[in-house]
Amino acid sequence: MPAFRQVGEKQLPQEVVFMAWSPKRDLIALANRAGEVLLHRLANFQRVWSLPPNENTGKEVTALAWRPDGKILAFGLTDTKRIILCDVEKPESLHSFSVDSSITYMHWMEVTEESSVLTSFYNAEDESNLLLPKLPALPKNEEKSDEIMKLLGDVRLNALVLGGSSGFIEIYAYGMFKIATVTGVYSLFL
């Protein structure tokens with residue numbers, strides 16, 4: 001088994017309560033006791049940005065998760081029961097939504113054809129034209145479509161999985177569209 005060695009140490013002004021490494025970049029996201037979400041480069045621990053708590057988001061961060069491509073960070077807040085999706089480039093909320101209970105677990109995963117129950121969906125032919133009328137084309141709004149494409153990310157389906165101590169699991173396609181809720185799930189390790 002390879003040995004680990006400490007290569008550096010950094011003191012921070014607030015206690016860190018959650019952290020998550022980016023799956024694709026040299027970034028680490030931190031949430032501190034004051035409710036601030038911070039993004040740092042790993043190499044020199046340079047701060048990329050910080051997002052202070054406010055009345056629109058909240059201040060009690062309970063979970064962090066990176067989108068699989070590393071371009072969006074999601075975090076859950078227990079005091080406002082909100083999920084915030086934040087751009088890796090700047091400390092702005094791209095999208096947020098409310099949940100019914102506090103979040104204690106968050107994981108963002110890519111759904112691949114090999115590991116998916118959706119294999120038959122991927123392999124199916126589009127036969128919607130047999131049952132549904134053809135939809136009219138939507139008007140082009142370049143600014144909005146760029147914003148939506150940033151949120152959707154790659155064409156591959158990804159799912160944000162949320163869980164709470166009240167015994168629920170929710171799954172959001174692309175981190176925005178609720179596709180499933182499971183209730184009555186309780187851990188044996190509580």
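What is the strand order of the open sheet that has E5 in it, and is its pairing parallel or antiparallel? In this predicted model, the order is E5-E6-E7-E8, and the pairing is antiparallel.

## The E5–E8 sheet

This open sheet has four strands. Its edges are strand E5, residues 61–66, and strand E8, residues 93–98. Each edge strand pairs on one side only. From one strand to the next, the twist averages 15 degrees.

Take the pair formed by E6 and E7. Strand E6 covers residues 72–77, and strand E7 covers residues 82–87. They run antiparallel and are joined over six bridges. One position to find in the structure is leucine 73, which stands opposite cysteine 86 in E7.

## The E9–E12 sheet

Another open sheet is built from four strands in the order E9-E10-E11-E12. Here, too, the pairing is antiparallel. Strand E9 (105–110) and strand E12 (177–183) form the edges, each pairing on one side only. The twist averages 15 degrees from one strand to the next.

## The E10–E11 hairpin

Strand E10 spans residues 158–164, and strand E11 spans residues 168–173. Six bridges link them in the antiparallel sense. Alanine 159 has alanine 173 of E11 as its bridge partner. Glycine 163 stands opposite isoleucine 169 in E11.

The hairpin has three residues between the strands. Glycine 167 takes a positive phi there, near 90 degrees.

## The E11–E12 hairpin

E11 also pairs with E12, again in the antiparallel sense and over six bridges. Alanine 173 serves in this pairing as well: it stands opposite phenylalanine 177 in E12. Alanine 173 is thus a residue to trace on both sides, with alanine 159 as its bridge partner and phenylalanine 177 opposite it in E12.

Three residues lie between E11 and E12 in their hairpin. In the turn, tyrosine 174 has a positive phi of about 55 degrees.

## A nonpolar surface patch

Which residues make the nonpolar surface patch of about 320 Å²? They are Met19, Trp21 and Leu42.

Leucine 42 sits in the loop between strand E3 (37–41) and strand E4 (47–51). Is leucine 42 buried or partly exposed? Its relative accessible area is 34%, so leucine 42 counts as partly exposed. That value also clears the patch cut-off, because patch residues need over 30% relative accessible area.

Note on methods. Residues numbered from 1 in each chain as written. Predicted model: local features only at pLDDT ≥ 70, side-chain atom pairs only at ≥ 80, totals over all residues. Heavy atoms only, no water. Pairing = 2+ DSSP bridges. Helix = DSSP H or I, 4+ residues; strand = E, 2+ residues; numbered from the N terminus. Axes fitted to C-alpha atoms, helices over the stretch in contact; angles between N-to-C directions. Patch = residues over 30% accessible without salt bridge, like charges linked within 9 Å, V, L, I, M, F, W, Y side chains within 5 Å. Areas by Shrake-Rupley, 256 points an atom, 1.4 Å probe, with all protein chains shown as cover. Salt bridge = Lys/Arg side-chain N within 4 Å of Asp/Glu carboxyl O. Buried < 20%, exposed > 50% of the residue type's maximum accessible area, 1.4 Å probe, protein only.
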